[in-house]
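Please open the model in a viewer and keep the sequence at hand. The tour proceeds by selections, each followed by a short account of what is found there.

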Amino acid sequence: MKLQDHIYYVGVNDRNKVRFEGLWPLTRGMAYNAYLVVGDKVALIDTVDSRFFPRFADKVKAVIGDRPIDYLVINHMEPDHSGSIPLVRAMYPDVCLVGNKKTLQMAEGFYCQAGETLEVKEGDCLDLGGGCSLTFYMTPMVHWPETMVSYETQSATLFSGDAFGCYGALNGGVLDRDIDVEPYFPEMLRYYANIVGKYGQQVQMALKKLAPLQLRMICSTHGPVWTEQISRVVDVYNRLSLYQGEPGATLIYGTMYGNTAEMAECVAEGLVQGGLKHFTMHKLGRTDESYLLADAFKYKGLILGAPTYNNGIYPLMEQLLTDLSHRGLKNRLVGCFGSFSWASQAVKKLQEFAALPGMELVGEPVEMKQGFNPEAARACRALGETMAKRILEN
Ligand code: FEO
């Protein structure tokens, strides 16, 4: 598929994978995007999951026929993109593998790659002839240490690796202007929160570095190719990497026998009484954690409730707290509630989370002993109302 002069899409769709990275559920499959830049020399930008190599190879052949691939540029070594390196090498024995020092070390480690390589550094330019050239910019920890991006100057096209990508196969079209992109934006949020979220500082550094570049096209390794939506996707990445939350909340709770669930219902009533319309509710164990992380990244307010369990906190909440902490989530208003039967621990653990740097405890934490009762109901409504007002006053 021709994207513009000299640039072609040769990616594939994976509609069978159930969990990306073995962790994150896929409801609409996954696209592994790869691209050809065809000047006097031919450069392939990234490859695809090795299981899709035959289809990928057919697409490459359809563009370049019997011409060889001269350069294989590896922007990112995660195997969903690098998996076909050995197969490309076997098909084009003279291909030169282009990457930075870490890329080439990883290629050796993953695939025992011998053969020709070209090590590139920040700002190096690879002239392909025919008016095409690729300039390389290092973007470490977005989201692996070797990640880099490649910029084709003539067409102002950025090959961005995973950055600006999302879950979801591509249904018949690749360019954003040809398809309905709205379903991809929540999946960009979820992808970011699940996979990139820990590296906000590094994403900010990359955005600042790339800001001077003129951008007419962003070619990510996942999801649509961005043209008319470029400013929107850059804004999404900017806000997420600054950990800016929208005015709204997510209310996440665990429950065993329904008492903490009743508390959550009252907190929600309080949010509405306080004037907040935009919030989501999630029962732990019912919704996959990847969606909870996404909503925690999306909204300013984060209200957490759980029972005490084994003299600690309900295990699914413990996992969520760990995963939120690992991502360095900050700039959040946090509300806490929970229950216990004979020894209280859950609310204490939630308050410890709310005391992490960048978190602000809002409202009075609500702790309930044993069964749901009117006093707890009142306190939960008050917590919700206080949180709503705090979010809206921002
Ligand atoms: Fe799409 Fe980080 O690999």
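Begin by selecting Arg381 and Glu269, which form a salt bridge whose closest N and O atoms are 2.7 Å apart. The model is a predicted one. Widen the selection to the surrounding elements: Arg381 lies in helix H12 (residues 374-393) and Glu269 in helix H8 (residues 259-273), so that the pair, 112 residues apart, links distant parts of the chain. Colour both residues by accessibility. Arg381 is partly exposed, at 28% relative accessibility, and Glu269 is likewise classed as partly exposed, at 36%.

Next, select Asp14, Asp49 and Arg51. Salt bridges with shared partners join these three residues into one network.

Proceed to Glu182 and Arg232. Here the closest N and O atoms of the salt bridge are 2.9 Å apart. Which parts of the chain does this pair link? Glu182 is found in the loop between strand E15 (157-161) and helix H5 (184-196), whereas Arg232 belongs to helix H7 (residues 230-241); the two are 50 residues apart, and their pairing links distant parts of the chain. Glu182 has a relative accessibility of 40% and counts as partly exposed. Arg232, at 31%, also counts as partly exposed.

Move now to Lys2 and Asp5. Their salt bridge has its closest N and O atoms 3.6 Å apart. Are these residues buried or exposed? Lys2 counts as partly exposed, with 49% relative accessibility, while Asp5 reaches 52% and counts as exposed. The value for Asp5 is classed in this way because the exposed category begins over 50%. To view the complete set of such contacts, display every salt bridge in the model: the count comes to twelve.

Finally, turn to the cysteines. How many disulfides does a search of the whole structure find? The search returns zero. Select Cys132 and measure to Cys125, which carries the nearest cysteine sulfur: the separation is 11 Å, and Cys132 is in no disulfide. Cys132 is buried, with a relative accessible area of 1%.

Then select Cys380 together with Cys266. The sulfur of Cys266 is the nearest cysteine sulfur to that of Cys380, at 5.9 Å, and Cys380 is in no disulfide. A disulfide requires sulfur atoms within 2.5 Å, and therefore this pair does not qualify. Cys380 is buried, its relative accessible area being 0%.

Conventions. Residues numbered from 1 in each chain as written. Predicted model: local features only at pLDDT ≥ 70, side-chain atom pairs only at ≥ 80, totals over all residues. Heavy atoms only, no water. Buried < 20%, exposed > 50% of the residue type's maximum accessible area, 1.4 Å probe, protein only. Salt bridge = Lys/Arg side-chain N within 4 Å of Asp/Glu carboxyl O. Helix = DSSP H or I, 4+ residues; strand = E, 2+ residues; numbered from the N terminus.
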